[in-house]
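Here is an informal walk through one protein model, with an eye on its side chains. Have the sequence and the 3D view open and follow along.

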Amino acid sequence: MASVFPLADLKASVKPGSWVDTIIKGDCVAALDALPNQSVDVIFADPPYNLQLGGTLHRPDQSLVDAVDDEWDQFASFEAYDAFTRAWLLACRRVLKPTGTIWVIGSYHNIFRVGATLQDLNFWILNDIVWRKTNPMPNFKGRRFQNAHETMIWASPNAKAKGYTFNYDAMKAANDDVQMRSDWLFPICSGNERLKGEDGKKVHPTQKPEALLARVIMASSKPGDIILDPFFGSGTTGAVAKRLGRHFVGIEREQDYIDAASARIAAVEPLGKAELTVMTGKKAEARVAFNVLVESGLIKPGQVLTDARRRYSAVVRADGTVAAGGEAGSIHRLGAKVQGLDACNGWTFWHFDDGQSLRPIDDLRSIVRSDLAKMD
């Protein structure tokens, strides 16, 4: 079973990280207030939707619809809901790292109010993602369009926040080498994935599909990151985070949900390191200047570089510049100069002779990057 951390014990604990990979039992704001500053990498929040349902809902055959009518989803007024939203978002802001991001999911009942509060608190909205449901619930009364989507807001702590994780290249590759769009198509949680009690009823009325959380986590975090869910419910965030090699911390006040989530997470087998390696592009690679190759001895002062067809040549100087025909400069500037062009990628233009063939100096930069990666 996943560890459960009573709120009183959390407040008394002095052991760093003792709350990681646990479910904290208690009110979300109080629990968040007990966590360390800037301690989590990603927050996924599925707050109460404040559906404001009036009476029961029946299908055309008069069978009762299993709707969300729990006490935790009910608020006295929009003002009360807004105050609640502001309180938990402020608490989230404190525990979120400067390089972290927050996701909030909701329906038309609440997402616009949550979005306004996010902006009032100076969060910076990166995207709104539309989750299109392949199998949405019908509109039984036939007086509105079928509600077939929910909206997720993805935001950073402020407009100047830098360094947040977005695995762009992995998302693009997974989408058949086309940029991942902001409309995602997934079925609602059903079948064997839907948790049910001994009575056959749903354990949680708004359980989210694991595929949705998997994309959120894969897009915006790295293995080893801490994912916080302040409205943990049936534990989808924790189960997916564990499977994908991330840490989790959940906050939940209902014991029935905690029991179900704890058993669910305990049954998850994490993927291996090879399966969890995140694809990255050139932008994510460590910056290596040409002079590093000279300083490391991979390229020596006085060595002659040429283009792939040996039309142009340049001599490497000790300061990491290259010279040809009375001109000197960076590998890029001189590459452009000898060709009469405005710009040039010197890494792919200039080549060295390894004794058997000409190879681009970019091959040597790859060696340096590999060495740096081993030191991490």
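## Rings, charges and what they touch

Let's start with the rings: searching the whole structure turns up 12 aromatic pairs. One of them is Phe-232 with Phe-248, a stacked pair whose centres are 6.0 Å apart, with 10 degrees between the planes. The two partners come from distant parts of the chain, 16 residues apart: Phe-232 sits in the loop between strand E8 (226-229) and helix H7 (236-243), and Phe-248 belongs to strand E9 (residues 247-252). Both Phe-232 and Phe-248 are buried. Keep in mind that this is a predicted model.

There is also an aromatic cluster to look at. Trp-103, Trp-154, Tyr-164, Phe-166, Tyr-168 and Trp-184 make it up. Three of these names come back at the surface, where Tyr-164, Phe-166 and Tyr-168 form a nonpolar patch with about 260 Å² of accessible area together. Tyr-164 is in the loop between strand E6 (149-156) and H5. With a relative accessible area of 31%, Tyr-164 counts as partly exposed. Trp-184, another cluster member, has company of its own: the charged end of Arg-215 sits over its ring, 5.0 Å from the centre.

**The overall build**

Stepping back, the protein has 13 helices and 15 strands. Of its 376 residues, 43% are buried. If you take contacts between residues at least 6 apart in sequence, 65% of them join residues at least 24 apart. The exposed area comes to about 20,000 Å², and carbon and sulfur atoms supply 51% of that.

Helix H11 (residues 331-339) gives a close-up of burial. Its Ile-331, Leu-334, Gly-335 and Ala-336 are buried. What covers them? The cover includes helix H10 (290-295) and helix H12 (346-349), along with strand E11 (313-316), strand E12 (322-324) and strand E13 (327-329). Just after H11 comes Gly-340, with a positive phi of about 70 degrees.

**Positive phi outside glycine**

Most residues other than glycine have a negative phi. Asp-21 goes the other way, with a positive phi near 60 degrees. Look for Asp-21 in the loop between helix H1 (7-12) and strand E2 (22-25). Its relative accessibility is 30%, so Asp-21 counts as partly exposed. Asp-176 also has a positive phi, near 60 degrees, and lies in the loop between helix H5 (168-174) and strand E7 (183-186). With a relative accessible area of 68%, Asp-176 is exposed.

**Salt bridges**

Side chains of opposite charge can pair when their charged atoms come close. How many salt bridges does the structure hold? The total is 12, and the table lists some of them.

| Acidic partner | Basic partner | N to O distance |
|---|---|---|
| Asp-183 | Arg-181 | 2.8 Å |
| Asp-353 | Arg-310 | 3.6 Å |
| Asp-362 | Arg-365 | 2.8 Å |

Take the bridge between Arg-181 and Asp-183. Arg-181 is exposed, at 58% relative accessibility, while Asp-183 is partly exposed at 29%.

The bridge between Asp-353 and Arg-310 spans a stretch of chain. Asp-353 is in strand E14 (residues 351-353) and Arg-310 is in the loop between strand E10 (304-306) and E11, so this pair ties together parts that are 43 residues apart in sequence. Asp-353 is partly exposed, with a relative accessible area of 43%.

Asp-362 and Arg-365 are both in helix H13 (residues 362-375); because they are 3 residues apart there, about one helical turn separates them. Is Asp-362 buried or exposed? Asp-362 is at 14% relative accessibility, and the cut-off for buried is under 20%, so Asp-362 counts as buried. Arg-365 is buried too, with a relative accessible area of 12%. Arg-365 has a second contact to check in the viewer: its charged end sits over the ring of Trp-347, 4.3 Å from the centre.

Finally, Asp-354, Arg-359 and Asp-363 are linked in a network of salt bridges. If you want a place to begin in the viewer, try Arg-365, which has both the bridge to Asp-362 and the ring of Trp-347.

Methods
Residues numbered from 1 in each chain as written. Predicted model: local features only at pLDDT ≥ 70, side-chain atom pairs only at ≥ 80, totals over all residues. Heavy atoms only, no water. Phe/Tyr/Trp six-rings, centres within 6.5 Å; stacked < 30°, edge-to-face > 60°. Helix = DSSP H or I, 4+ residues; strand = E, 2+ residues; numbered from the N terminus. Buried < 20%, exposed > 50% of the residue type's maximum accessible area, 1.4 Å probe, protein only. Lys NZ or Arg CZ within 6 Å of the ring centre and 35° of its normal. Contact = heavy atoms within 4.5 Å. Areas by Shrake-Rupley, 256 points an atom, 1.4 Å probe, with all protein chains shown as cover. Patch = residues over 30% accessible without salt bridge, like charges linked within 9 Å, V, L, I, M, F, W, Y side chains within 5 Å. Salt bridge = Lys/Arg side-chain N within 4 Å of Asp/Glu carboxyl O.
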